[in-house]
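Here are some short exercises to work through with the model open beside you. Try each task before you read its solution.

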Amino acid sequence: MTSRVDRTVGKNVSRVDGHAKVTGQAVYVDDLTTPGALFGGTVRSAVARGTLRGIRKDPSFDWTGITVVTAADIPGDNVVALIEDDQPLLAKDAIRHVYEPVALVACDDPVRLQQAIAAITLDVEPLPPVLSIEDAEAKKQIIYGKDNVQKRYVIEHELGGKTIDELILACDVVVTGRYAVHHQEQMYIEPQGMVAHWQEAGEGAEAGVGDGVHVTGSLQCPFYVHKAMKRAFALEGDRVHIGQAVTGGGFGGKEEYPSILAAHAALLSKVAGKPVRMIYGRKEDIEATTKRHPARIEITTGCTKAGELVALKVECAMDGGAYVTLTPVVLSRGILHAAGAYKWKHARIHGWAVATNTPPNGAFRGFGAPQTIWAIERHMDRIAEKLGKDPLTLRQQNLLAIGAVTVTGQTLTQSVGVVECIEKAVKSSDYFAKRAAYAKPSPAAGSRTRTRRGIGAAVFMHGAGFTGSGERRLKGKVQVDLEPGGRLRVRSASTDIGQGTETIFRQIAADAAELPFDTIEIETPNTSNVPDSGPTVASRTVMVVGSIVGKGAKMIADRVRASGTGDFATLADALLAREKKVSTLVEYEPPVAVQWNDDTYRGDAYPCYAWACDIAEVEVDLDTFETKVIGFWAAQDIGKAIHPIMCAGQVEGGTLQAIGWALYENLVMKDGHILNARMTNYVIPTSKDAPPFTTFLVEHPFSGGPSGAKGVGELPMDGGAPAIAAAVEQAIGALCNDLPLLPEDLFRAKSKSQVARS
Amino acid sequence: MSAHAPAGLARTEMVCPKTIAEACAVLAQAHRDKRAASLLAGGTDVIVDRHLMPIEKARPLDLVVDLTGVDELTAISERDVAGERHLVFGGGVTYWQLRTDRRVLAAIPMLDAMAKDVGAVQIQTRGTLAGNIATASPAADGVPALMALDGVVKLVSEGGARTVPLDQFFLAYRKTVLAAGELIAEIDVRVPLPGARVTWRKVGTRLAQAISKVALAGVIEEERGTITRARFGVASVAAVTHPLGGVRALAEGKTFKALDRATVDAAIDLEIKPIDDVRSTGAYRLHVAKALVWRALAP
Ligand SMILES: Cc1cc2nc3c(=O)[nH]c(=O)nc-3n(C[C@H](O)[C@H](O)[C@H](O)COP(=O)(O)OP(=O)(O)OC[C@H]3O[C@@H](n4cnc5c(N)ncnc54)[C@H](O)[C@@H]3O)c2cc1C
């Protein structure tokens, strides 16, 4: 057999994309040189709600060489194919948000393009807009279905013929709370962009590429774009070629929207007869693309005097924005995380999403869970306060564990590392001592600078992979080919968007095949040369797709080794010479034990969960209400850290994104317009604002993941905000039930309430 | 391609004078020829402004006068004015120079603290004091610091020179006394006496790359308990950087003990009415301005 090769899983191999990115050689979509390409731009409604009566082109403007397209030019269905068919690619009559695209313009000169866009006037008859969850629920204006509700889910657990209210009222201690969270912008480094080239029949052959439409751009999910393009252009799948350029971050923001941008660029290219590049600037990107769903969550609970949780009632309303996009799935994940990491005897969780005349909200790291985890974690603190217990002790008392049953009736059978997470975070942060010390309000030292400290904790879990029967329906696939010299080529649709897929897949494939790391190639995703592995979302890339990458690589390597004796490369070349093509297509098979019922919303919501404990220590300036996070401890059970540095990077980056959501970010909207669509005034934290992180990667392996790995992508986004809020609350003694916690909010809360604390 | 392409630069002429006199001559000629001209120093305001300008509003620019080659503008020197020590900064002095010049670090560490709070290192190495002053943003950081140091600008044109105290330089939101053909050659500041209480505090949206919500610079000097000098510059609370002359008048000549928070707050109420905008609220700004002034003045 071959000589032993060093295993790479669990080691910090250098990133395969690192050198090109650091030296500026990586080719992002804006760096693609496309000879003869036109610049494309978008005419948007500027009105939150109304009826489009006409599109006027200024007759005094010189339109030569300028292409203008509208809804009438779309050859297929004018819909962004995803879940519901409610969103048009270009508005035809109804205007549903301010940044609704109405017409597209292409021109060979970027300055004239802007002038041309300004020379187009839209005649829109305005209608009263619905701008908030409360507006939508008031139903004065109906903008979606019968009642403005885009989707509704209910989870019921062990009600035994009673209502949840009855079960709660039978408890010793009842606590009610209302919590709210706000929008969040993904703020990936690279704004969205697509380059499209429409090849008429025959043209493609000349150029050495397939006929049809070629789109390359910044995206997470090539096959989502592929599906949308087929509908929009009424094309067979083999005429639509969607490729990924090096992508500068996504965080979910490049999950849905790339379908729109790809179709826009392709439509302009088709009509203009030339390639078209549409690269958004930061402002347009912030305005037009999806954000995290705002939510309002009401929780009522009953527990015993001793602090045993008994009954939970959650009423969760999310703002879906103008179109459905992925809202049902976000809502679903949201309610499936609403019970937190705790045992409840009885529960009823009710979630609904409403339509508003604001830009559509969609996928964002955590996908609904950060919203509901915010609420349940804040509520745990409210219960602790009422019981006079330490909030972390209350959590420890009620934790889910192996053998425990979740609110969907799932019995946890493995990979629950939450106790170890709490132990590690508590010990390293000295949580209990600090919590006790900060509880005694020592007068802030010195008259010049008045500050006070606080410490807070959050405990949480995040389901890894698609929800319920998602993976079973999806049937993600990966292909592995044998190549000359004994190299393996992994073909998957999982994109590297900065999180390290390319590196990690190589590690997994190399170890499974027992081959050196650098003999593995990862094909750059293009729908024409990779199978559909499912989207790059839901913390599923390593756990789900990674597991079949390993399986495929091992199958090919085994065939080579079984073909004779000798060194691997020689055997591989001989096998290839005999068989011409040596390749395998592997499909993901979810563990059989995982069963889910979509109708009753009962069963195994996720094959497994990642678990975590976050502890935040803050110092708040009592004059300016600026919060400085002076320490952050994150202990997260991710099953197995395939690449520890990148995992720690996910934990720190995700946590910083959560800190941003809690303390800095604030999307300012007026009449449906975003007033701060710039990096200067939509404020995300800088490295200078980042706290010192202490990160623990806890490894309680999951039998279904490669080397035991679960997901790490989303989990870190879940706990930062509630941990910070708990710490801020201790520091200043003002109730923090609503995000954000900007200095202005804390100032207002402090001057208004001086809430009596028990 | 960004949403707002920098338009109308195709016909723009760029000149790079070597001296202040040469720069003034070019400016004067452009003025006589009715050509639209702009001075360019670090470019960190003027290029960004132009980039963000909606295409419909972008007027053609005939001439750009690049000042980065004018060595006189980058000098830092000392002078004695009526027995008091002053530092003189050329208009082209950058924040990075403030952070690295030994005289500045020793004499006025507050300017170092201010410069550290500007943007990030890239901006600090390009951005200049004159650019900060000429842009006349009420959120500028350099301006309040220089104002609290009794800054006086020297304006030079082909016809001559004049000096204007910084607290009289700004007329209204982004309007100044700078006339066509004039440039800011120098900024003179008085070095606070040893033992003076010198304050710099920027309350920004974050710790770097931040525009202030409120920023306060203060210089308080005393003689045997009596306040002899109380000078301020406060950013982002009015249409222009504000000197808080009322607080100065209240404090100077009094002992620290004779001042109380309520009286100082009342003086501030009379002077500024901060507004709500995307960065903050008027109520918060007023509260913070009062708190910071009190931190500077409290016994
Ligand atoms: C990312 C970023 C972060 C920033 N952060 C901060 C910050 O934290 N605090 C802050 O205060 N500012 C900040 N700024 C704004 C800017 O950097 C400063 O105002 C800087 O001082 C401007 O100087 P400049 O040399 O770049 O000016 P320029 O852009 O070159 O010029 C600005 C204006 O001044 C005029 N001008 C230049 N020199 C003269 C002269 N000698 N005489 C007369 N007029 C002249 C120009 O014609 C122009 O109108 C930031 C800017 C950016 C892009």
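**Exercise 1: the ligand.** Which residue has an N or O atom in its side chain 2.6 Å from an oxygen atom of the ligand?

Before solving, some housekeeping: this is a predicted model, where local features need pLDDT of at least 70 and side-chain atom pairs count only at pLDDT 80 or more, while totals for chains, interfaces and linings use all residues. Residues are numbered from 1 along each chain as its sequence is written, chains are lettered from A and ligands numbered from 1 in the order in which they are written, and side-chain values use heavy atoms, with hydrogens and water left out.

Step 1. The residue is B:Asp45, whose side chain puts an N or O atom 2.6 Å from a ligand oxygen. That fits the cut-off for a polar contact (a pair of N or O atoms within 3.5 Å; within protein, one must be able to donate a hydrogen and the other to accept it, and residues adjacent in sequence count only if both atoms are side-chain atoms).

Step 2. Now look at the backbone. A polar backbone atom of B:Ala41 sits 2.7 Å from a ligand oxygen, and B:Gly43 also offers a polar backbone atom at 2.7 Å from an oxygen of the ligand.

Step 3. Check the cover: alone, the ligand exposes 990 Å², and the protein buries 85% of that (Shrake-Rupley areas with a 1.4 Å probe; for residues, only the protein chains shown count as cover).

**Exercise 2: the shell.** Work out what surrounds the ligand and where it comes from.

Step 1. There are 32 residues around the ligand, and B:Gly42, B:Thr44, B:Asp45, B:Tyr95 and B:Thr128 come nearest (near means a heavy atom within 4 Å).

Step 2. Helix 7 of chain B gives the largest share, five residues. Other elements that supply at least two include strand 2 (37–40) and strand 10 (183–190) of chain B. Helices (H or I, at least four residues) and strands (E, at least two) are DSSP runs, numbered from the N terminus.

Step 3. Sort by class: 16 nonpolar, 11 polar and five charged residues. Here Ala, Val, Leu, Ile, Met, Phe, Trp, Tyr, Cys and Pro count as nonpolar, Asp, Glu, Lys and Arg as charged, and the others, Gly among them, as polar.

**Exercise 3: the interface.** How many residues does the contact take from chain A and from chain B?

Step 1. Chain A gives 38 residues and chain B gives 36 (contact: heavy atoms within 4.5 Å).

Step 2. The two chains bury about 3000 Å² between them, 58% of it on carbon and sulfur atoms; buried area is the accessible area (1.4 Å probe) that two parts lose on being put together, summed over both.

Step 3. Five salt bridges cross the interface of chain A and chain B (a side-chain nitrogen of Lys or Arg within 4 Å of a carboxyl oxygen of Asp or Glu). B:Arg201 and A:Asp621 form a salt bridge at 3.2 Å, N to O.

Step 4. On the side of chain A that touches chain B, helix 2 (110–118) and helix 20 (743–752) of chain A each give two or more residues. Helix 2 of chain A has the largest share, six residues.

**Exercise 4: odd backbone.** Which two residues are joined by a cis peptide bond?

Step 1. They're A:Leu739 and A:Pro740, with omega about 0°. A:Pro740 belongs to the loop between helix 19 (715–732) and helix 20 of chain A.

Step 2. Try phi next: A:Glu158 isn't a glycine, yet its phi is positive, about 55°. A:Glu158 is in the loop between strand 7 (149–157) and helix 4 (164–169) of chain A.
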